[in-house]
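Student: Hey, can you walk me through this structure? I'd like to start with the cysteines.

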Amino acid sequence: MAILLAGGAGYIGTHTAVEFCNAGYDVVVADNLYNSKAEAVRRVEKITGKMIPFYRIDVCDKEALRRLFAEQNIDTVVHFAGMKAVGESVAKPLMYYRNNLDATLTLLEVMKEYGCKRFVFSSSATVYGEPESIPLYENMRRGECSNPYGWTKWMIEQILMDTCVADPDFSAVLLRYFNPIGAHESGLIGEDPQGVPNNIFPFITQVAVGRRPLLTVFGDDYETPDGTCIRDYIHVVDLAKGHVAAVPYATGHTGSTVINLGTGKGTSVFEIIQAFERVNGVKIPFEIGPRRAGDLPEFYANADRAAELLGWKAERTMDDMCRDGFRWQTMNPMGYPED
Ligand code: WQD
């Protein structure tokens, strides 16, 4: 029996592939390489010493996905396959709705044909919208998303909830990520955004290795202790381990279960810059720019439910995130080589 990682060549997917291999699972990766490189899968094989069947397919392609299920004995699907750039989703909403919803619906339809009934979904805290209060609890209402990317996560959660109502044997664990950052300790895999990074941490690591001259801090006049926004940054390896912990839970339970994957701790922009400089002995030059539309002042998880249901909690510190992220970028200043 194997775990299919749909979108498994990406940042979260590769780190999760490593942890599933380390936990003794057989892993199969399907990825169209829209926002990732085949080299990343080869790096996973190097880290784990295991062969990873890699299907370079678009999971929206039903015939290709059927061939994968016919050749591989898949008993659980972990679904990362989706476009995830907030700004791009605002500019190209139809592409985001078509791709992210189509990929999910095609996966679910082929899973049904092959009797595969366990699904772990890469959801996002963005589905909370503007929270009523902080920290975020899973039983809080899903809110008004601020962009089509967030809405696709919101809608996919609804699709999975409805699937579980219709099929009482189906199990879906919806993992709501907060802010995954950092890299595997080997420095062989890490975050490799294409173009100008949208997110702060890859921007910081690219400044640190001289790929970019300085960081722009989007506003220091928020109602927070130091004026910059607070987020729940979680080490990507902790996040990956959360997926491994979700599979036994999905095996033992049916229905849909929503779980936050965060540390339960907030860190401001200034604090993450200071931690990065201290841990790595580098300077991160920055300027203060205008606020970015849609940014919320404060946003972090209550992580109790993951501990209660999965026996999982984040263990790595901000120092670990900064050290491991810098090592990846230093070893791969331009990210993964072209295939
Ligand atoms: C963090 C803080 C920015 C860049 C996003 C997605 C979310 C999820 C995680 C997928 C904010 C500030 C950023 C920069 C800055 N992705 N910042 N200068 O916005 O919390 O969440 O990534 O699920 O869906 O929205 O993360 O890293 O973009 O921003 O000052 O160049 O860093 O203003 O306060 P965010 P982020």
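Tutor: Sure, with a definition to begin: a disulfide here is a pair of cysteine sulfur atoms within 2.5 Å. Two quick notes as well. This is a predicted model, where local features need pLDDT of at least 70, side-chain atom pairs count only at pLDDT 80 or more, and totals for chains, interfaces and linings use all residues. Residues are numbered from 1 along each chain as its sequence is written, and side-chain values use heavy atoms, with hydrogens and water left out.

Student: OK, so how many disulfides does that rule give?

Tutor: The count comes to 0 disulfides.

Student: Why no bond for C145?

Tutor: Because the closest cysteine sulfur, the one in C229, is 18 Å from the sulfur of C145, too far for a bond. For C229, the closest cysteine sulfur is in C322, and that one is also too far for a bond at 18 Å.

Student: Is C145 buried or exposed?

Tutor: C145 is buried, at 9% relative accessible area. The word buried means under 20% relative accessible area, exposed means over 50%, and partly exposed is in between (1.4 Å probe, protein chains only). C229 is buried too, with 6% relative accessibility.

Student: Switching topic: which residues are closest to the ligand?

Tutor: The closest are Y149, I200, T216, R231 and D295, out of 18 residues that surround the ligand. Near means that a residue has one of its heavy atoms within 4 Å of the molecule.

Student: What classes do the residues in that shell fall into?

Tutor: The shell has 9 nonpolar, 6 polar and 3 charged residues. In this scheme Ala, Val, Leu, Ile, Met, Phe, Trp, Tyr, Cys and Pro count as nonpolar, Asp, Glu, Lys and Arg as charged, and the others, Gly among them, as polar.

Student: And which strand gives the most to the shell?

Tutor: Strand β8, residues 215–218, with 4 residues. Helices (H or I, at least four residues) and strands (E, at least two) are DSSP runs, numbered from the N terminus.

Student: What lies 2.9 Å from an oxygen atom of the ligand?

Tutor: A polar side-chain atom of N199. N179 also has a polar side-chain atom by a ligand oxygen, at 3.0 Å, and a polar backbone atom of N198 is 3.5 Å from an oxygen atom of the ligand. Taken alone, the ligand exposes 680 Å², and the protein buries 88% of that. Those accessible areas come from the Shrake-Rupley method with a 1.4 Å probe; for residues, only the protein chains shown count as cover.

Student: Let's do a helix. Which residues of α3 are buried?

Tutor: In α3, residues 62–71, the buried ones are A64, L65, L68 and F69. These residues sit on the same side of α3, because they cover an arc of only 140° around the axis. The arc is that of the directions from the helix axis to the C-beta atoms.

Student: Why would they line up like that?

Tutor: An α-helix has 3.6 residues a turn, so residues three or four places apart point the same way.

Student: What's on the face turned away from the buried side of α3?

Tutor: That face carries the exposed residues A70 and E71.

Student: Where is N147?

Tutor: N147 is in the loop between β5 (118–124) and α6 (148–166). It is buried at 4% relative accessibility. A polar atom of the N147 side chain lies 2.7 Å from the backbone nitrogen of G150.

Student: Does that have a name?

Tutor: The term is polar contact: a pair of N or O atoms within 3.5 Å. Within protein, one must be able to donate a hydrogen and the other to accept it, and residues adjacent in sequence count only if both atoms are side-chain atoms.

Student: Which side chain does D324 contact?

Tutor: The side chain of H235, through a polar contact of 2.7 Å. D324 belongs to helix α11, residues 318–331, and is buried with 10% relative accessibility.

Student: Last thing: which peptide bond is cis?

Tutor: The one from I134 to P135 is cis, with omega near 5°. P135 is in the loop between β5 and α6. For another backbone detail, try L33: its phi is near 60°, a positive value in a residue other than glycine.
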